[in-house]
Amino acid sequence: MSVKERLRQARFRSPSQEAMMSLLVAALHLKCRLEAVCGRAGVTHDQYNVLRILRGVYPGGHPRYEIALRLVDRAPDVTRLLDRLARQGLIKRYRAEGDRRLSLARITDRGLALLDRLDGPIDALTSTVAAPLRPPELAQLTDLCSRLIPAGDAAS
């Protein structure tokens, strides 16, 4: 279905507006499907994203500000997000050696197990969504999306 059909809009003011709307519609579609997969496992997509970030540095951890920088979707209150994950036993917060003022978050075995359970469904969803595109088109899509984000833009 084209973005024109999806939005029930006959035309756009410019090709750039149509391209941006297409990108937003596609991103929202994917995010909704990711939320559904994550929701079946009892977490939100934002929580999954934090766990994924922390798995990448396991057995180490990250401070709140580093997690905030790495999030795909910038959550407004990372502290509250971390608190919810800690209450679920999916992460543990601890003080950094050498700087007791710095609080770090580390994924727990329970969090790793949850990600292990989610890996298959997330991979299946990714494959399903990407199936209409050939590998060169996927590489081109990645490149095009990267070019839309200004270099050094940490706010995006």
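Reader: What do the side chains of arginine 55 and aspartate 119 form where they meet?

Author: Start with the general idea: side chains of opposite charge can pair when their charged atoms come close. Here, arginine 55 and aspartate 119 meet in a salt bridge, with 3.0 Å from N to O. The term stands for a side-chain nitrogen of Lys or Arg within 4 Å of a carboxyl oxygen of Asp or Glu. Arginine 55 sits in helix 3 and aspartate 119 in helix 6 (residues 109–130), so this pair ties together parts that are 64 residues apart in sequence. Helices (H or I, at least four residues) and strands (E, at least two) are DSSP runs, numbered from the N terminus.

Before we go on, a word on the model. It's a predicted one, where local features need pLDDT of at least 70 and side-chain atom pairs count only at pLDDT 80 or more, while totals for chains, interfaces and linings use all residues. Residues are numbered from 1 along each chain as its sequence is written, and side-chain values use heavy atoms, with hydrogens and water left out.

Reader: How many salt bridges are there by this rule?

Author: The count comes to 6. Among them is the pair of aspartate 77 and arginine 80, at 2.7 Å from N to O. Another one joins arginine 134 and glutamate 137, at 3.5 Å.

Reader: Is arginine 134 buried or exposed?

Author: Relative accessible area tells you: under 20% is buried, over 50% is exposed, and in between is partly exposed (1.4 Å probe, protein chains only). Arginine 134 is exposed at 55%, whereas its partner glutamate 137 is partly exposed at 26%. Back in our opening pair, arginine 55 is partly exposed at 27%, and so is aspartate 119 at 23%.

Reader: Which residues of helix 5 are buried?

Author: A general point helps: an α-helix has 3.6 residues a turn, so residues three or four places apart point the same way. In helix 5 (residues 78–87), the buried ones are Val78, Leu81, Leu82 and Leu85. They cover an arc of only 95 degrees around the axis, taken from the directions from that axis to the C-beta atoms, which puts them on the same side of helix 5. The face turned away from that buried side carries the exposed residues Arg80 and Arg87.

Reader: How many residues of helix 3 are buried?

Author: Helix 3 (residues 45–55) is mostly covered, with 8 of its 11 residues buried. One of them is Val50, which touches Ile67, Leu71, Leu81, Leu82 and Leu85, leaving aside residues up to four places away in sequence (contact means heavy atoms within 4.5 Å).

Gln47 of helix 3 is buried too, at 5% relative accessibility. Its side chain reaches the backbone nitrogen of threonine 44 at 2.8 Å. That's a polar contact: a pair of N or O atoms within 3.5 Å where, within protein, one must be able to donate a hydrogen and the other to accept it, and residues adjacent in sequence count only if both atoms are side-chain atoms.

Reader: Which residues have the most contacts inside the largest nonpolar core?

Author: A nonpolar core is a set of buried Ala, Val, Leu, Ile, Met, Phe, Trp, Tyr and Cys residues joined through side-chain atoms within 4.5 Å. The largest one here has 26 residues, and Val50, Leu51 and Ile67 have the most contacts inside it. Helix 6 gives the largest share, 6 residues.

Reader: Where do phi or the peptide bond look unusual?

Author: Most residues other than glycine have a negative phi, and most peptide bonds are trans. Just after helix 5, glycine 89 takes a positive phi of about 75 degrees. The backbone oxygen of glycine 89 is also reached by the side chain of threonine 108, at 2.6 Å. Elsewhere, a cis peptide bond joins tyrosine 58 and proline 59, with omega about 10 degrees. Proline 59 lies in the loop between helix 3 and strand 1 (62–63).

Reader: How many disulfides does the structure hold?

Author: A disulfide is a covalent bond between the sulfur atoms of two cysteines. The structure holds 0 of them, taking a pair of cysteine sulfur atoms within 2.5 Å as the rule. The sulfur of cysteine 38 is 12 Å from the closest cysteine sulfur, in cysteine 32, too far for a bond. For cysteine 145, the nearest cysteine sulfur is that of cysteine 32, 17 Å away.
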